[in-house]
Amino acid sequence: MNVILSTGKSIPLEMHKVRIIQKTTLPPLVQRKKAIAEAGYNTFLLRTNDVFLDMLTDSGTNAMSDNQLSAMMIADDAYAGSESFYRLSETVKEVFGLSYAMPVHQGRAAEHLLAKAFVKPGTIVLMNYHFTTSRAHVELAGGKVIEIFHDDALQTRSDNPFKGNLDLSKFQEAIDTHGAENIAYVRMEATTNLIGGQPFSLGNLRAVKQLAEKYSIPVVFDGSLIAENAYFIKTREKEYAEKSIHEIILEMMQLVDILYLSARKCAGARGGLIATNHKNLYDQLLPWLPVYEGFATYGGMSTKEIEAMRVGLTEMLNIDVASSAVDFVRYFVEKLEESGVPVVTPAGGLACHIDAQRFLPHLPQSAYPAGALAAAFYLVSGIRGMERGTISTDRDADGKEIFADLELLRLALPRRVYTMSHVEYAVDRLSWLHKHRKLIGGLRFVEEPPVLRFFFGKLQPDNGWEDKLYQAYLKDFGAI
Ligand code: F0G
């Protein structure tokens, strides 16, 4: 929720009380320098003891509520027929209006099952944009991903409120070129992650459904950030201003054939979900569930987490929860813009995204500017962000580098975890870093895994630039 102060300034408010806390420490500069070197300048490989604020992701790191924790106590542990599953199914019916629910161990497990059931070698999956794991599973099943976003979706400085919209003329073109029968499904990702957490409009989803239905192409909805997308629809799409988050979600669900999600994100619980109203689609997925995940009533999840997911799905319908990250992300983005730091606009869901190409114009994409910025920002702040650029994009089959559309440093704000002073600190250190940006050089791989290389890859800074940055920081702030 936002309030207007007597100065006229609008600020986001934390709509919760902190009852349980986890201690964090700000590791001294010298420790940070050692830690990032040992991590191969890859923030995924840092230990949390070396991290002050963990803005790597909101996945599995959102704060849980008192009601979620208490629900975990009534979990019904059973291999088959658990009451926790039946309670989850009722919630899925209420929250989404969908009758068939399948728990899976996390979002990518849902992607795996969808690819297994529907993607055949040579088929195509259309997407408003890919996510790393969503593309990997389609490709591993022999399919091909085609992204059909509007041309301006990749402009990092923009006032387009719905950069996550799917381009309908490109959709028609793809049908005409490849034939509807070769399109396994069209995937709409809520609050599109890799282009900066950008939403699509309900109007766009409706038009996508109309065209898809005409050609019998299933619409698959990645709802990992569904509440945030619904909040953007409410605040940015005029005819929905008076609708509740729940009403918007129900309307969206009437336009999709299969919903899947990472509950690690939207429900603050470690798990995932597939849901549909189509018995025939459910029946095609079900046989794979016990093979890869677990029996139909637990799907690889602990029953405690199923209970937490159930409560989390209900809680995200509350506007204070749906807006809790988004409002702080907007504040974060506005503050950085005021300081001249290049950020993705409009502000999206889940994270503040720094445009590394505008931040470090002296670095070519081959020097991995987003990776270099993530490493440099950790060094000067103890804050861990995530590279979302070329390092996150694997080479092609011939080993040639594929340059990412965007080079972003993502600073995720897990729901209800960090406070205003944490955001202010991040803004300050980023502004300082921006003033010293010339000190930041490129990175090169020293260990490069063949698939999803961003997880375990190790890199090395060119010409020891990290030493110069270390010295400049030491001079201005001392050892902390
Ligand atoms: N879809 C989207 C849009 C996601 O953002 C993620 C995960 C997944 C699917 C996969 O879900 O992690 O539960 O297997 N995103 C995390 C992130 C990893 O950091 O953005 P998962």
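Good morning. I begin with the second largest cavity, whose lining comprises 7 nonpolar, 4 polar and 1 charged residues. Please bear in mind throughout that the model before you is predicted. This second largest cavity holds about 80 Å³ of space. Among the residues that line it are Y41, F44, M386, E387 and L459. Two elements, α17 (369–381) and β13 (386–388), each contribute at least two residues to that lining.

Let me place this cavity in context. Rolling a probe the size of a water molecule over the atoms shows where empty space is left. In this structure there are 4 cavities of 30 Å³ or more. The largest cavity contains about 110 Å³ of space. It is lined by 13 residues, and S324, F328, P414, R416 and Y418 are the closest to its centre. Which helix gives the largest share of that lining? It is α15 (residues 324–338), with 3 residues. Sorted by class, the lining of the largest cavity has 9 nonpolar, 2 polar and 2 charged residues.

I turn now to the largest pocket. Its volume is about 1,500 Å³. Of the 39 residues in its lining, I20, A63, M64, R416 and V417 lie nearest the centre. You will recall R416 from the largest cavity, where it is among the residues closest to the centre. The pocket lining divides into 14 nonpolar, 15 polar and 10 charged residues. β3 (53–54), α2 (66–72) and α14 (319–322) each supply at least two of these residues, and the largest share, 3 residues, comes from α2. Domain 1 (2–58 + 322–477) and domain 2 (66–320) each provide at least three residues of this lining.

Finally, let us consider the ligand. There are 17 residues around it, and T57, R108, D222, S262 and K265 come nearest. How are these surrounding residues divided by class? The shell has 2 nonpolar, 8 polar and 7 charged residues.

Three side chains deserve individual mention. An N or O atom in the side chain of S262 lies 2.6 Å from an oxygen atom of the ligand. For R410, a polar side-chain atom is 2.7 Å from a ligand oxygen, and for N193 the corresponding distance from a side-chain N or O atom is 2.8 Å. On its own the ligand has 470 Å² of accessible area, and the protein covers 95% of it. Two elements, α4 (107–118) and α10 (263–266), give two or more residues to the shell; the largest share, 3 residues, comes from α4. Domain 1 and domain 2 each contribute at least three residues to the shell around the ligand.

Thank you for your attention.

Definitions and conventions: Residues numbered from 1 in each chain as written. Predicted model: local features only at pLDDT ≥ 70, side-chain atom pairs only at ≥ 80, totals over all residues. Heavy atoms only, no water. Near = heavy atom within 4 Å. Polar contact = N/O pair within 3.5 Å; in protein donor to acceptor, adjacent residues only side chain to side chain. Areas by Shrake-Rupley, 256 points an atom, 1.4 Å probe, with all protein chains shown as cover. Helix = DSSP H or I, 4+ residues; strand = E, 2+ residues; numbered from the N terminus. Nonpolar A, V, L, I, M, F, W, Y, C, P; charged D, E, K, R; others polar. Domains from an automatic or database assignment. 1 Å grid on protein atoms, 1.4 Å probe; cavity = no way out; pocket = protein on both sides within 12 Å on 5 of 7 lines; lining within 4 Å. Points joined across faces, edges and corners; volume = space filled by probe spheres on them.
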